[in-house]
Amino acid sequence: MIEFRTDKAIYLQIADRICDGILAGRYPENARVPSVREYAVMLGVNVNTAVKAFEVLARDTIIYNKRGLGFFVEAGARDRIIAARRREFRDEILPEVFRKMRLLGMDIGEVDRLWAESSDSDCSGSPAPDEAHPSGQSEA
């Protein structure tokens with residue numbers, strides 16, 4: 001079970017986690033993603049909440065349903081996720097970062113130095129400890 005943020009609907013956070021898995025390579029194109037029930041149990045949420053997440057992803061052509069078999073990653077899903085997240089970063093996150101930088105008297109040179117010093121450990125592509133594969137098997 002994971003802790004959810006309070007500033008975003010849980011079903012959207014679940015959709016984000018599945019997208020994170022696609023970006024990290026855990027769910028490649030045309031690969032099956034965990035079922036709605038598996039995901040609900042894995043995260044400790046109501047099945048209806050997981051259903052909403054899967055509906056959003058299907059609507060956004062990130063996953064598709066094969067009747068009786070489950071949900072699978074759409075071709076090109078990774079590129080669509082990256083494009084959407086870049087738009088969100090550019091339009092929503094960066095303006096707030098720039099505003100705070102101005103308030104704090106920081107310039108882009110300082111950010112560039114911090115960027116160079118960062119380890120980028122969050123982008124390693126390996127699953128977080130709470131993302132055990134639903135089957136209990138290692139994904140490596």
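Mentor: Axes here are lines fitted to C-alpha atoms, for helices over the stretch in contact, and angles run from 0 to 180 degrees between N-to-C directions.

Trainee: OK. At what angle do α1 and α3 pack?

Mentor: About 55 degrees, with the axes of α1 and α3 8 Å apart. Helices are DSSP runs (H or I, at least four residues), numbered from the N terminus. Keep in mind that this is a predicted model: local features need pLDDT of at least 70, side-chain atom pairs count only at pLDDT 80 or more, and totals for chains, interfaces and linings use all residues. Residues are numbered from 1 along each chain as its sequence is written, and side-chain values use heavy atoms, leaving out hydrogens and water.

Trainee: What does that angle make α1 relative to α3?

Mentor: Oblique. Under 35 degrees is roughly parallel, over 145 roughly antiparallel, 65 to 115 roughly perpendicular, and the rest oblique.

Trainee: Left-handed or right-handed, the crossing of α1 and α3?

Mentor: Right-handed. The near helix is turned clockwise from the far one by less than a right angle; anticlockwise would be left-handed.

Trainee: Which residues in α1 meet α3?

Mentor: Ile10, Tyr11, Leu12, Ile14, Ala15, Ile18 and Cys19. On the α3 side they meet Thr49, Ala50, Lys52, Ala53, Phe54, Val56 and Leu57. Contact means heavy atoms within 4.5 Å.

Trainee: How many of the residues in that α1 and α3 contact are nonpolar?

Mentor: 12, plus 1 polar and 1 charged. Asp, Glu, Lys and Arg count as charged; Ala, Val, Leu, Ile, Met, Phe, Trp, Tyr, Cys and Pro as nonpolar; the others, Gly among them, as polar.

Trainee: New topic. How far apart are the axes of α2 and α3?

Mentor: 9 Å, at an angle of about 120 degrees. α2 covers residues 36–43. The two helices, α2 and α3, are therefore oblique to each other. Their crossing is right-handed.

Trainee: And what makes the contact of α2 and α3?

Mentor: From α2, Val36, Arg37, Tyr39 and Ala40. From α3, Val47, Ala50, Val51 and Phe54.

Trainee: How many charged residues in the contact of α2 with α3?

Mentor: 1, alongside 7 nonpolar and no polar.
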